[in-house]
Amino acid sequence: MAEQYQVSGDSAAEISASIETGVLRGFWVAGATLPSVRVLAGSLHVSPATVAKAYQELRQRGVIETEGRRGTRVRSRPAVAVRRSGLYAPIPSGLRDLSAGEPDLRLLPSLGPALAAAAAIQHPPQGYASAVTMPELADAARPRLLAEGVPVAGAEIVVTSGALDSIERAFNAHLRPGDTVAIEDPGWAALIDLLAALGLRAVPVAVDDHGPDPDSMATALRAGARAVVVTVRAQNPTGAAVSAERAHQLRELLSGHPGVLVVEDDHAAELAEGAPHCIGPVTGSWAFVRSASKPFGPDLRIAVLAGDETTVARVAGRMRIGMGWVSTVLQRMLLWLWRDPEVTALVGGAARTYGSRRRALRDALRAEGVEVGGDTGINVWVPVPDETHAVAALRDRGYAVAPGAHFRVSSPPGIRITISTLDPAEAPELARAVASVLHPAGSLPPMR
């Protein structure tokens with residue numbers, strides 16, 4: 001138990017609130033082990049059932065997690081805003097930071113011209129009743145998606161505040177706490193956190209270079225998954241992209257489960273090399289999410305969600321009684337960015353730059369005997385026997401990388417290296433550092 005913070009409370013609600021307060025104030029660090037049910041019950045003089053209920057409430061809200069023999073711990077990213085900076089370890093100065101998973105800010109287009117253009121166009125004042133997804137934005141999105149093979153000819157379209165917002169709204173339109181969702185493993189850390197915060201249960205699906213493994217997906221569906229999430233390309237953290245053959249296999253599999261919600265995440269959008277291979281619409285409920293944040297900048301919090309009539313209607317209806325709508329200023333900015341040929345060329349150049357940086361590291365790693373896959377996106381996933389050792393050893397060599405535990409449910413350990421800012425000339429030295437960690441002197445595999 002944290003030395004400077006003591007849990008208090010006589011009821012499950014009071015105990016859970018006390019622990020959450022400790023997390024919020026930073027006294028419980030990420031990954032910290034909480035006392036066992038019996039130990040905490042004894043110190044508070046309450047029944048073990050009371051503490052067990054408190055822990056259950058915290059798990060359902062995404063604050064803590066239970067890891068079998070490792071006990072109950074604070075989640076790596078608990079669903080509560082922390083007021084102190086001690087929860088997340090900062091990257092020490094002097095390290096080459098390859099851990100963030102963010103795009104290279106130098107390759108993003110300036111949003112100033114788009115904002116100025118949106119402000120310069122004369123529009124009548126926007127009222128509450130008429131504020132919706134702009135028809136002209138939906139009309140522009142449809143041919144863009146169709147040109148890449150996304151089957152949205154008869155789909156409805158709504159605008160949301162980013163990819164994760166779209167996924168959450170699709171979940172809320174069809175699922176209830178306790179439902180199971182099949183997700184890629186390893187997969188997007190924020191999605192794992194979202195499931196925990198919504199009280200949904202994650203069912204892991206193995207992923208390879210071609211996307212989710214059909215046999216693993218079939219197992220998840222037999223286990224009762226009511227929704228599946230598939231990253232069509234630039235999968236985070238592995239860089240996988242769904243191939244045409246894999247999309248066909250998954251389409252055949254899911255056609256036998258008409259009640260399952262299929263969510264396809266295209267968060268990288270224009271930054272991903274190669275067109276997406278879609279799975280849906282194949283069941284009764286389908287959503288395809290195209291985010292603008294990766295190609296145009298994280299500050300442009302907007303995404304296009306295309307899907308079946310019921311899903312889109314439920315998403316739009318829930319927005320109407322909550323946030324209302326995505327700012328029409330942002331919608332006009334995105335429309336301008338789509339239409340500007342200089343921005344299109346800039347984003348295309350960024351995609352090619354990321355491709356060359358990723359391939360440079362992948363080829364350098366393979367030359368050092370480190371086998372890696374993935375050919376899209378801004379991350380490279382490296383399997384390792386011990387994440388803690390690998391992260392610490394690379395830090396000693398001057399590199400900060402992300403531990404795979406953030407992205408895994410039950411898959412083997414690994415580390416994620418973000419290549420977005422990595423110059424190809426840096427790749428050989430980094431590859432040698434990774435190889436020296438995985439294959440200490442005297443144990444290197446033969447060069448290929």
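## Report on a predicted protein chain

At 0% relative accessibility, Ala-269 counts as buried, a term that here means under 20% relative accessible area, with exposed meaning over 50% and partly exposed in between, computed with a 1.4 Å probe on protein chains only. Ala-269 is found in the loop between β9 and β10, and its phi is positive, about 50°, although Ala-269 is not a glycine. The helices and strands named in this report are DSSP runs, numbered from the N terminus, with H or I and at least four residues for a helix, and E and at least two for a strand.

**Basis and confidence**

This is a predicted model, in which local features need pLDDT of at least 70 and side-chain atom pairs count only at pLDDT 80 or more, whereas totals for chains, interfaces and linings use all residues. Residues are numbered from 1 along each chain as its sequence is written, and side-chain values use heavy atoms, with hydrogens and water left out.

The protein chain has a mean pLDDT of 90, and 93% of its residues reach 70 or more, where pLDDT is the predictor's confidence in each residue, from 0 to 100. Over residues 84-88 the pLDDT stays under 50, and the model has 13 contacts for this stretch beyond four places in sequence, a contact being heavy atoms within 4.5 Å. Residues 444-448 likewise stay under a pLDDT of 50, with eight contacts beyond four places in sequence.

**Loops with positive phi or cis peptide bonds**

A second alanine, Ala-234, lies in the loop between β8 and α9 and has a positive phi of about 55° although it is not a glycine. Ala-234 is buried, its relative accessible area being 4%. The loop between β8 (227-231) and α9 (244-254) is also the place of Pro-237, and the peptide bond from Asn-236 to Pro-237 is cis, with omega near 25°. Pro-281, for its part, is found in the loop between β9 (261-266) and β10 (285-291), where a cis peptide bond with omega of about -5° joins Gly-280 and Pro-281.

**Helix α1 and its surroundings**

Helix α1 (residues 12-24) has 13 residues and reaches 18 Å from its first C-alpha to its last, close to the 18 Å expected at 1.5 Å a residue; the expected span is 1.5 Å times one less than the number of residues. Among the buried residues of α1 are Ala-12, Ile-15, Ile-19 and Val-23, and the buried residues of this helix pack against α2 (37-44), α3 (48-60) and β2 (72-74). Gly-26, whose phi is positive, near 85°, follows α1.

The axes of α1 and α3 come within 8 Å and cross at roughly 50°, which makes α1 oblique to α3. Axes here are lines fitted to C-alpha atoms, for helices over the stretch in contact, with angles running from 0 to 180 degrees between N-to-C directions. Angles under 35 degrees count as roughly parallel, over 145 as roughly antiparallel, 65 to 115 as roughly perpendicular and the rest as oblique. The residues of α1 that meet α3 include Ala-12, Ile-15, Ser-16 and Ile-19, and their partners in α3 include Val-51, Ala-54, Tyr-55 and Leu-58.

**Two further helix pairs**

The table gives the axis geometry of two other packed pairs.

| Helix pair | Axis separation | Crossing angle |
|---|---|---|
| α13 (residues 341-367) and α15 (residues 427-438) | 8 Å | about 45° |
| α6 (residues 163-174) and α11 (residues 309-320) | within 9 Å | roughly 105° |

With its angle of about 45°, α13 is oblique to α15, and the contact is made by Ala-360, Leu-361, Ala-364 and Leu-365 of α13 with Ala-427, Pro-428, Leu-430, Ala-431 and Val-434 of α15. For the other pair, crossing at roughly 105°, α6 is roughly perpendicular to α11, and the contact joins Arg-169, Ala-170, Ala-173 and His-174 of α6 to Thr-311, Arg-314, Val-315, Arg-318 and Met-319 of α11.

**Arg-96 in strand β3**

Arg-96 is found in strand β3 (residues 96-97) and counts as partly exposed, at 24% relative accessibility. Leaving aside residues up to four places away in sequence, Arg-96 touches Gly-398, Tyr-399, Ala-400, Thr-421, Leu-422, Asp-423 and Glu-426. Arg-96 and Leu-330, by comparison, are 234 residues apart in sequence and 34 Å apart in space, C-alpha to C-alpha.
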